[in-house]
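Me: I am new to this structure and would love a close look at a single part of it. Could you walk me through the aromatic rings at an easy pace?

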Amino acid sequence: FQYCHIIRAALTGGGDTRLALSCLSSNQLNHLIFQTHGKQSTDLKIARWLALRLKLQHRRLYPTKGKEHILMLHEKTPIRKKQRSARKRFKENIPTVTMHGRFGTEFLGFLCFDKTCIPFRSLQDVEDNASTLESLFSCVFDIGREQFKAAQNEASNPVPTKGTCVVGPVSNPTEALRATFNRLVQDQKKLDGSFSSKNNSSSSPSRFNDNHGPLSIKLDVAYAFQLQLFTRSFLCDIYGGLQKGSWFAMPYSFFTRNSFSPFVDAKLLRWIMCSVSAQGMNCPYEWYGKLYKNYMPDFLLQVPSNNKLLCMHAGIPRALKTPEQLHKKALLYPGSIISPKQHCRSIYSCSSSLYCCEGKGAVDYSKYVSQHIEKYFSPLFWDGAIAFLKLCSQDSSSHPRDILLKCTHEKQGYPEICDLVELIGLDQGLLLSHRLANFLLWYESRILPASSELQCACFEK
């Protein structure tokens, strides 16, 4: 609260915002405005009951019409409010932010191990999957092992040329993961012994660790690796990525905009990394449930929650979520793979005029993407993935996996898709195709608007 002017706090029917609520002082409870998104009625009912019970200032948030565009999740900026009182004038230079419960489920509930995009826990997992990773890498970028080593040697010993810039090859995922785990092992050795048993025993009661023995003082490498993924997982497919509007696809937008979460506190995460046993992290919400039982006020334990796993481990009554929509929300697809007729009703219709020139036709993205992006990918992967994504964008009622299965069974008419599935398999073909879609969504929304060629094309339209 001392680094920014926190005037709002999220309040839902889940466990993360309730834990943050229980840690606030009476002064903070009186000054904060608690808000709940009205899209989920169960969240709203529970939040209203808590607000009434604790006499909180509470309001319902309504979705703004025309703001459904995926990038609206990442475009909010801190609000600076003018102050009438001279004593509070200093607040004008302090950004106002909203406190959320984000990362609580992933970091305290240890759900990061289940929702991760890279389910590795040690260097041995990297070695066991090295051949698979390198084969997928070669399939996507069309770089064989020998070609990659030659390019790597050339990049490490560049020949300086006046007026040119030497660009190295795309990073080998196996080498990058090896280096990451090796750095974490080195960090573990440096931190080993930095927490004394006396400090641990005083800061965490023995009742908190009954089932797992004495507290460990070694950094948990597996957990530290997942922390890096969830806070730096740019363009990942955690919770569906950009195709489902997940804010995890652009984590920087959370840290640099108008949001704040107590669950990313450095001291808290360091304590968890060095104090919670690996056994306590294996079962999602087991440790979180114990935290609730030991430290949560009794009346908050009696209020229902819509978090199934937390209710199971903490003994909280469960509230069933009401359906948000009758139909499942359709996935978002890049403008370069959908037909020009779809642009006016696509995600770009409520964004910048660079994406949809109203009344003047739509810009064809395909030539810009193929000119600047396609050359970096393997032709076999690119053709197969793009053909598959085009089919998915045209048939939003069917599940992408069912569409891929249909293509592989029929074979005729889908040679590019069949070649891709034959090379890397059905599951990997589905996964990598969606990751390409997430990348193209980001590219078309972040890079293309700055392209002078596209701006000229939009102006001509």
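In which helix do phenylalanine 439 and tryptophan 442 lie, and how many residues apart are they?

Reply: Happy to help! Please keep in mind that this is a predicted model. Phenylalanine 439 and tryptophan 442 both belong to helix 22 (residues 426–447). They are 3 residues apart, which is about one turn of that helix.

Let us start with the wider picture. Across the whole structure, a search finds 15 aromatic pairs. One of them joins tryptophan 271 and tryptophan 287, whose ring centres are 6.3 Å apart; the planes meet at 45 degrees, so this pair is tilted. The two partners come from distant parts of the chain, 16 residues apart: tryptophan 271 is in helix 13 (residues 266–275), and tryptophan 287 is in helix 15 (residues 286–295). Tryptophan 271 has a relative accessible area of 19%, so it counts as buried, the cut-off being under 20%. Tryptophan 287 is buried too, at 5% relative accessibility.

Now back to your pair in helix 22. Phenylalanine 439 and tryptophan 442 form a tilted aromatic pair, with 5.8 Å from centre to centre and 40 degrees between the planes. What about their exposure? Phenylalanine 439 has a relative accessible area of 23%, so it is partly exposed. Tryptophan 442, at 17% relative accessibility, counts as buried. The cut-off of 20% therefore falls between the values of these two partners.

These two rings also have company. Ring pairs link Phe439 and Trp442 into a cluster with Phe137, Phe141, Phe377, Phe381, Trp382 and Tyr443. If you have the 3D view open, you could colour these residues to follow the cluster.

Some rings in this model also have a charged partner. The charged end of arginine 121 sits over the ring of phenylalanine 113, 4.0 Å from the ring centre. Arginine 53, in turn, lies over the face of phenylalanine 299, at 4.6 Å from the centre of that ring.

One more aromatic residue is worth pointing out, this time beside an enclosed space. The whole structure holds 1 cavity of 30 Å³ or more, with a volume of about 40 Å³. Phe34 is part of its lining, along with Ala10, Thr17, Ala20, Leu21, Leu24, Met99, His100 and Gly101. Helix 1 (residues 16–22) gives the most to this lining, with 3 residues. By type, the lining residues divide into 6 nonpolar and 3 polar, with no charged ones.

Key: Residues numbered from 1 in each chain as written. Predicted model: local features only at pLDDT ≥ 70, side-chain atom pairs only at ≥ 80, totals over all residues. Heavy atoms only, no water. 1 Å grid on protein atoms, 1.4 Å probe; cavity = no way out; pocket = protein on both sides within 12 Å on 5 of 7 lines; lining within 4 Å. Points joined across faces, edges and corners; volume = space filled by probe spheres on them. Helix = DSSP H or I, 4+ residues; strand = E, 2+ residues; numbered from the N terminus. Nonpolar A, V, L, I, M, F, W, Y, C, P; charged D, E, K, R; others polar. Phe/Tyr/Trp six-rings, centres within 6.5 Å; stacked < 30°, edge-to-face > 60°. Buried < 20%, exposed > 50% of the residue type's maximum accessible area, 1.4 Å probe, protein only. Lys NZ or Arg CZ within 6 Å of the ring centre and 35° of its normal.
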